[in-house]
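The following exercises are intended for a reader who is meeting this structure for the first time. Each task is followed by a solution in steps.

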Amino acid sequence: MFQKILVANRGEVALRVMRACRELGVKSVAVYSTEDENTYPVQYADEKVCIGPAPANQSYLIMSNIIEAAKQTGAEAIHPGYGFLAENADFARKCQEEGLVFIGPSPECIESMGDKSTARETMMNCGVPTVPGSDGCIDTVEEAAAFAERVGYPVLIKATAGGGGKGMREVHDPADLASQYQAARTEAGAAFGNDGVYLEKLVLRPRHVEVQVLADDFGNRVALCERDCSIQRRHQKLLEEAPSPALTEDLRRAMGVAALKAVRAVDYRNAGTIEFLLDTDGHFYFMEMNTRVQVEHPVSEQITGVDIIKEQLRIASGEPMSCAKRAPFSPNGHAIEFRINAEDPEHGFRPCPGTITAFDAPAGPGVRVESYVRAGSRISPYYDSLVAKLIVHGQDREEALQRAERALDEFRIEGIATTIPFHKRVLQNEMFRQGNVTTDFIETQMGDVL
């Protein structure tokens with residue numbers, strides 16, 4: 001195991017990694033911008049290094065500053081968390097070149113899976129179900145029109161790089177294709193420095209179901225059941241639960257087999273997620289692979305008892321993962337995660353940076369809160385608006401729902417607007433209570449909060 005790890009991130013994920021390090025007897029190094037100097041993760045770390053001013057493109061995205069901080073402090077490895085440089089193949093490669101371990105997959109895996117067109121082709125070749133789509137990137141509107149005519153509308157234009165809904169457009173009418181194609185390319189180029197797009201047949205009213213995977217250097221590959229991430233706004237997840245209310249045991253097994261087939265196809269190592277679309281007939285299709293740990297990993301931890309961050313550290317240090325002997329996994333109970341963001345759902349989820357004047361987190365049986373803030377903490381306008389993650393776990397989904405209602409009622413955050421009221425409304429929705437949701441849930445069931 002490593003002696004010292006640098007955490008190349010901020011906020012709750014940085015604190016999550018540092019806590020895992022401390023439990024394993026590993027020293028942690030925090031890097032921070034001037035904006036984050038007084039945040040709790042920076043205080044918690046064993047060492048800290050300032051890497052630049054507030055804007056991320058002058059601090060958290062400057063590879064040379066982060067690598068220099070690692071060398072300066074004697075860190076042997078870098079954990080990227082999620083976001084920022086977590087899925088940057090160049091950063092992973094530079095770490096290797098400098099004799100540092102990148103806690104994640106190889107640069108080659110990040111590149112092959114980060115390019116969605118290449119990833120889709122790889123999955124097709126290894127027998128993982130995929131949505132009908134174009135053969136590689138579409139370079140002209142005419143090519144896009146020909147593809148759409150062949151498979152039929154609606155179609156989905158998707159950026160080949162990046163994620164988070166950037167460079168993605170639905171097209172239901174041929175008259176809108178040209179403008180949406182150009183808009184997707186423009187947005188993709190601005191967001192990722194790559195304006196390549198490809199087209200897929202749009203699966204109407206799907207569920208978003210993903211499988212958490214782990215793989216080490218000893219041939220061990222495990223699937224830690226699935227997560228249902230169907231409640232989204234503009235392709236951004238707001239609430240996740242595990243297991244999915246929609247899956248039968250046979251479907252769960254088939255999805256897990258497909259996920260591990262994908263892992264083998266790219267010789268994957270460390271933690272990752274295979275994301276699928278599940279249609280109304282019970283057919284699932286590969287959507288993308290996230291080559292990092294995800295925001296919603298705690299729900300998988302709650303139903304499997306596996307500490308995913310510790311397993312990442314073991315795998316990266318050259319040890320076998322400790323959970324392999326327990327595979328295959330079946331879900332133990334039910335877990336739900338609520339993303340508490342500094343956003344005002346009553347005004348279109350407008351970001352609400354500011355100072356938190358009161359922060360009282362819920363507690364009690366089956367309640368887990370992951371946050372980096374305290375009363376007096378400042379939510380910066382420079383970064384993601386995530387304030388906390390509330391995770392509840394129950395013996396079954398009904399108990400998890402009851403526990404969620406209680407925990408959200410206990411959660412007190414003052415000084416800024418948050419999404420807590422929105423989550424309470426979701427819990428009151430009968431379709432959600434029945435587990436009958438698709439990715440258009442917010443538009444169809446809660447349109448007044450858009």
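**Exercise 1. Determine whether R339 is buried or exposed, and describe its surroundings.**

Solution. The model is a predicted one. The relative accessibility of R339 is 12%. Buried means under 20% relative accessible area, and R339 therefore counts as buried. The next step is to place the residue: R339 belongs to strand β14, which covers residues 334-341. Finally, setting aside residues up to four places away in sequence, R339 touches K237, L238, E240, V295, E296, L386, A388, T419 and H423.

**Exercise 2. Locate N9, classify its burial and identify which backbone oxygens its side chain reaches.**

Solution. Begin with the position: N9 sits in the loop that links β1 (4-7) to α1 (11-23). Its relative accessibility is 5%, so N9 counts as buried. Next, consider the polar atoms. The side chain of N9 reaches the backbone oxygen of P80 at 2.7 Å. A polar atom of that side chain also lies 2.9 Å from the backbone oxygen of Y82. The last step is the list of contacts: apart from neighbours within four places in sequence, N9 is in contact with A14, V31, Y60, P80, G81, Y82, G83 and F84. Both P80 and Y82 thus appear among the contacts of N9.

**Exercise 3. Compare the span of α1 with the expected value, and state how many of its residues are buried.**

Solution. Helix α1 has 13 residues, and the distance from its first C-alpha to its last is 19 Å. This is close to the 18 Å expected at 1.5 Å a residue. As to burial, 10 of the 13 residues of α1 are buried, and the helix is mostly covered. The buried residues are G11, E12, V13, A14, L15, R16, V17, M18, A20 and C21. One of them, A14, is also in contact with N9. After α1 comes G25, with a positive phi near 75 degrees.

**Exercise 4. Describe how α5 and α6 are arranged relative to each other, and which residues meet.**

Solution. Two packed helices are described by the angle between their axes and the distance between the axes. For α5 (residues 107-114) and α6 (residues 116-125), the axes come within 5 Å and cross at roughly 95 degrees. Angles of 65 to 115 degrees count as roughly perpendicular; α5 and α6 are therefore roughly perpendicular to each other. On the α5 side, S112, M113 and G114 take part, and they meet K116, T118, A119, T122 and M123 in α6. By type, the residues of this contact comprise three nonpolar, four polar and one charged.

How values were computed
Residues are numbered from 1 along each chain as its sequence is written. This is a predicted model: local features need pLDDT of at least 70, side-chain atom pairs count only at pLDDT 80 or more; totals for chains, interfaces and linings use all residues. Side-chain values use heavy atoms; hydrogens and water are left out. Helices (H or I, at least four residues) and strands (E, at least two) are DSSP runs, numbered from the N terminus. Buried means under 20% relative accessible area, exposed over 50%, partly exposed in between (1.4 Å probe, protein chains only). A polar contact is a pair of N or O atoms within 3.5 Å; within protein, one must be able to donate a hydrogen and the other to accept it, and residues adjacent in sequence count only if both atoms are side-chain atoms. Contact means heavy atoms within 4.5 Å. The expected span of a helix is 1.5 Å times one less than its number of residues. Axes are lines fitted to C-alpha atoms, for helices over the stretch in contact, and angles run from 0 to 180 degrees between N-to-C directions. Angles under 35 degrees count as roughly parallel, over 145 as roughly antiparallel, 65 to 115 as roughly perpendicular and the rest as oblique. Ala, Val, Leu, Ile, Met, Phe, Trp, Tyr, Cys and Pro count as nonpolar, Asp, Glu, Lys and Arg as charged, and the others, Gly among them, as polar.
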